[in-house]
Amino acid sequence: MAKRSPSYVCQNCGAAYNRWQGKCDACGEWNSIAEETSAIAAVPASQRPRGRGRVFALESLTGSTDEAPRLVSGIGELDRVTGGGFVRGSVLLLGGDPGIGKSTLLIQACAALANRNARVIYISGEEAAAQVRLRAERLGLASAPVELASETSVEDILATFEHGPPPRLVVIDSIQTMWTDTVESAPGTVTQVRGSAQALIRYAKRSGSTVILVGHVTKDGQIAGPRVVEHMVDAVLSFEGDGGRDFRILRGVKNRFGPTDEIGVFEMTGLGLREVTNPSALFLSERDLGSPGTAVFGGMEGTRPLLVEMQALVAPTSLGTPRRAVVGWDTSRLSMVLAVLEAHCGVKLGGHDVYLNVAGGLRIQEPAADLAVAAALISSLTGAPLPADAVYFGEVSLSGSVRPVAHTGPRLKEAAKLGFHRAVCPVPGNESGSDSGIRVNGVASLATLVADIAASGESQRRKSTKVSP
């Protein structure tokens, strides 16, 4: 006989405990630990009969390796993030805020593949089949031969897949609603999510079908449920966006068959998500020309060069502790840049509030944005607008020097394509920019940049004084 042993599992991160407690020590979440019952054999492990394993073949490192076959979805931005299409037998996890457009993107991808004579199955565990049909009709995709069902039992789903040829693509929306008979827990718990994901992953590897699992996210943007699911799947995609904007960004967080940190940009319209093939022009379309505190950053997202506007506001504070508000960038990185400006450049910002924003709702992660942020801060503090035809990129070290960054050539070519004529970047960038047709102003230290912006502001003030009567 097997005895029932209660265990307590955090529903946010999957950490297990022997007794209940109010706070999870692993993730710091409160009131997320719930009791789950598991069956543990009463016979000690040393007394259990041991079965003989099967012998499997071993291979050497030498030999030809074929490229993994890809299933191209027909949506260019989605194929870019996945590394050129879906790999046969792979499992992807797609996360995003509620209402961000996950189901819309997937039904568009399903319809595009089904129209090319591929068997596609869409399993909805949250909505009825009629609701999914209404979405397809609104998007003009009702005629696509997508097989649809509303089901939550993993055993029933896998038994249905066995009838007929294996599907090329399977969408499970969402994994938190699935449940399996092998686990005695409520749907949505950590144990059920892990067990259901394991069963679907085994089917994908055995049949060669591509499976996409939709996952909910927590309030801090992390995919809900056990983090072990992210390690079990082949790729993790994050669908980001602001509810007040039409832009949506699909970011590759993990990808075993392609580059990570690749992004795809979409625009939400009345007919679904539309691909944005030139996101730099989109993010710079509403740029404030001639306004102090704005700098154009020449960044890289995966293999794609991307220009985005960095906005800074430096204002005197009436508080004892100045405010530091950041949207779209790392707060700790901003504190480091402010400390370098004060220690090595003589810029006193201790009596000012600092606000930093990345225009367009994009989230920047690479250190190359340090120089653009510093330029925007100095421009806002001195009131001197930066040149409208200049881009900035470079990493700032704690010593105040500006270090070179990778992919200088693609950054400069993207800037030249959009009409920029000069670039402010580290000194080694001069060689990389020789064939881009853009003039490079090399800076070796942050103090040089501060002096150039201050001199430009003083020159503009003198011209305005001469013109005024």
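The following dialogue introduces a predicted model and one of its sheets.

Q: How many helices and strands are in the protein?
A: The protein of this predicted model contains twelve helices and 23 strands.

Q: What share of the residues counts as buried?
A: A residue counts as buried when its relative accessible area is under 20%. Of the 469 residues of the protein, 48% meet that criterion. The accessible surface of the protein comes to about 23000 Å², and 52% of this surface belongs to carbon and sulfur atoms.

Q: How do strands of a sheet pair, and in what order do the seven strands of the open sheet stand?
A: Strands of a sheet pair through backbone hydrogen bonds, in a parallel or an antiparallel manner. In this structure the order is β17-β18-β16-β15-β19-β22-β23, and the pairing is mixed. Strands β17 (324-327) and β23 (439-443) form the edges; each has a single partner strand, so one side of each lacks a neighbour in the sheet. On average, neighbouring strands of this sheet are turned by 30° against each other, direction ignored.

Q: In which sense do β19 and β22 pair?
A: Strand β19 (residues 390-392) and strand β22 (residues 422-426) are paired in the parallel sense, over three bridges. Within this pairing, V391 stands opposite A423 in β22.

Q: Which helix packs on the sheet, and which strands does it touch?
A: Helix α9 (residues 370-382) packs there, touching β15 (294-301), β16 (304-316), β18 (352-358), β19, β22 and β23. The direction of α9 makes about 35° with that of β16.

Q: What percentage of contacts in the protein join residues at least 24 apart?
A: Among contacts between residues at least 6 apart in sequence, 67% join residues at least 24 apart.

Terms used
Residues numbered from 1 in each chain as written. Predicted model: local features only at pLDDT ≥ 70, side-chain atom pairs only at ≥ 80, totals over all residues. Heavy atoms only, no water. Pairing = 2+ DSSP bridges. Helix = DSSP H or I, 4+ residues; strand = E, 2+ residues; numbered from the N terminus. Axes fitted to C-alpha atoms, helices over the stretch in contact; angles between N-to-C directions. Contact = heavy atoms within 4.5 Å. Buried < 20%, exposed > 50% of the residue type's maximum accessible area, 1.4 Å probe, protein only. Areas by Shrake-Rupley, 256 points an atom, 1.4 Å probe, with all protein chains shown as cover.
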